[in-house]
Amino acid sequence: MKRIFGVFGDPISHSVSPTMHNAVFSALGMDCIYHAFNVKSEQLEKAILGANAMGFGGLNLTVPLKERALKLDCIKPDPLAGSIGAINTVVFEKAGEITGYNTDGLGAKKALLDAAVEIKGSKIVVVGAGGASRAIIFQLAADGADITVINRTEEKAIELARDISGAALQGKIKGSGLLGLKDLLKEADVLINTTTLGMHPNTENSIATAEELHPELTVFDIVYNPLETKLLKEAKSIGAKTVSGSLVLVYQGAEAFRLWTGIEPPVEIMKKAVLEALEA
Ligand code: ATR
């Protein structure tokens, strides 16, 4: 009998996770299927308990359920998911307990490692202070990066920097408003955009222009619709290294697969499936 995996979200019809995970199951000859389920926030606990009762292999959670999942009594969050404040991967343990993980930050880290970026000691500027930023910064601070988080609403950047400092991770962190971006970029090794600027349909927007970037910078945009954002185009035009947001999708999924199955994820198959789905 096929083992069922799935992603819960609302809306969910545009998710590429089913294509990505089903490509893996098929390539590895696993008798499993991954399906997208539309689950409303108020039904989340029942849906997770139901999936556990029905012997599901594992779940991903996406917008708007990640933060809500942390408040449910039925899930025990691992410490990193607890600090981030969001769960994107649910593991059904053999003994019946349900554990919540967050693989978004690790996904972003692996995308940077793919581009041969040294994280420890790197000067990283992260724009945006929402949920995605939080997951990424917790991971990169744990890996010893020197991070400045800047945000349109400055207080949110300062609050996020305070939370990270409070977690006593090895990296350094500061928070400030968007105004300082130009000067910060002159000294930075990596720029990460976690805001929605440049996302379809506003594809002409970008957090920085080519003149504000420099060729030694690695520019990472977590927006993957379009695949090549205005920011990445500007970066390429001056010879800077670029990292596509589609890789976060791949690596967060790869780490979820590892947690569910204990099997080394075939990332090249996942990358191909995601690119084909996003290009279509
Ligand atoms: P997610 O959970 O996906 O990270 P979010 O919590 O909605 O999404 O966060 C979106 C981020 O993009 C925020 O940091 C937001 O800035 P504010 O805190 O000031 O709202 C940022 N953002 C969205 N639109 C923006 C814009 N036009 N210019 C600058 N920043 C923007």
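Modeller: Let's start with a term we will need: a pocket is an open set of grid points, where a 1.4 Å probe fits, with protein on both sides within 12 Å along at least five of seven lines, and its lining residues have an atom within 4 Å of a point. Please keep in mind that this model is predicted.

Colleague: Thanks! Which residues line the second largest pocket?

Modeller: Look along several parts of the chain. The lining includes Arg3, then Asn52, Gly55, Phe56 and Gly57. It also takes in Val91, Phe92, Glu93 and Lys94, together with Trp260. The space in this pocket comes to about 200 Å³.

Colleague: How many lining residues fall in each class?

Modeller: Glycine is counted with the polar residues here. The lining then has four nonpolar, three polar and three charged residues.

Colleague: Glu93 caught my eye. Which residue's side chain makes a polar contact with the side chain of glutamate 93?

Modeller: For a polar contact, look for a pair of N or O atoms within 3.5 Å. Here the partner is threonine 99, at 2.5 Å. You will find threonine 99 in strand 6, which covers residues 98–101. Buried means under 20% relative accessible area, so threonine 99, at 11%, counts as buried.

Colleague: Now to the ligand. Which residues are around the ligand?

Modeller: Start with Gly128, Ala129, Gly130, Gly131 and Ala132, which are among them. Asn151, Arg152, Thr153 and Lys156 also belong to the group, as do Thr195, Thr196 and Leu197. By class, this shell has three nonpolar, seven polar and two charged residues.

Colleague: Where do polar side-chain atoms lie relative to an oxygen atom of the ligand?

Modeller: Take three side chains in turn. Asparagine 151 places a polar side-chain atom 2.7 Å from a ligand oxygen. For threonine 153, the distance from a polar side-chain atom to an oxygen of the ligand is 2.5 Å. Lysine 156 has a side-chain N or O atom 2.7 Å from a ligand oxygen. As for cover, the ligand taken alone exposes 650 Å², and the protein buries 65% of that.

Colleague: Let me try a helix. Is glutamine 139 buried or exposed?

Modeller: The cut-off for buried is under 20%. Glutamine 139 has a relative accessible area of 10%, so it is buried. Its place is in helix 6, residues 131–142, and its side chain joins that of aspartate 143 in a polar contact of 3.1 Å.

Colleague: Is alanine 47 buried, exposed or partly exposed?

Modeller: Partly exposed is the range between under 20% and over 50%. Alanine 47 has 23%, so it is partly exposed. This alanine lies in helix 2, residues 44–53.

Colleague: And what about alanine 116: what is its phi?

Modeller: Alanine 116 has a positive phi of about 60°, although it is not a glycine. You can find alanine 116 in the loop between helix 5 (104–114) and strand 7 (123–127). Exposed means over 50%, so alanine 116, with 62%, is exposed.

Colleague: Next, peptide bonds. Is the bond from histidine 200 to proline 201 cis or trans?

Modeller: That bond is cis, with omega near 10°. Proline 201 sits in the loop between strand 10 (190–193) and strand 11 (218–221). The bond from asparagine 225 to proline 226 is also cis, again with omega near 10°. Proline 226 belongs to the loop between strand 11 and helix 9 (230–237).

Colleague: What separates the C-alpha atoms of valine 250 and serine 17?

Modeller: Here it helps to read two numbers together. The two residues are 233 apart along the chain, while their C-alpha atoms are separated by 8.7 Å. Valine 250 lies in helix 10 and, at 1% relative accessibility, counts as buried. Now set another pair beside it: alanine 47 and methionine 199 are 152 residues apart in sequence and 31 Å apart in space, C-alpha to C-alpha.

Colleague: Where is glutamate 255 found?

Modeller: Glutamate 255 is also part of helix 10, residues 246–261. At 7% relative accessibility, glutamate 255 counts as buried. Its C-alpha is 9.8 Å from that of valine 267, with their positions 12 residues apart in sequence.

Terms used
Residues numbered from 1 in each chain as written. Predicted model: local features only at pLDDT ≥ 70, side-chain atom pairs only at ≥ 80, totals over all residues. Heavy atoms only, no water. 1 Å grid on protein atoms, 1.4 Å probe; cavity = no way out; pocket = protein on both sides within 12 Å on 5 of 7 lines; lining within 4 Å. Points joined across faces, edges and corners; volume = space filled by probe spheres on them. Near = heavy atom within 4 Å. Polar contact = N/O pair within 3.5 Å; in protein donor to acceptor, adjacent residues only side chain to side chain. Areas by Shrake-Rupley, 256 points an atom, 1.4 Å probe, with all protein chains shown as cover. Helix = DSSP H or I, 4+ residues; strand = E, 2+ residues; numbered from the N terminus. Buried < 20%, exposed > 50% of the residue type's maximum accessible area, 1.4 Å probe, protein only.
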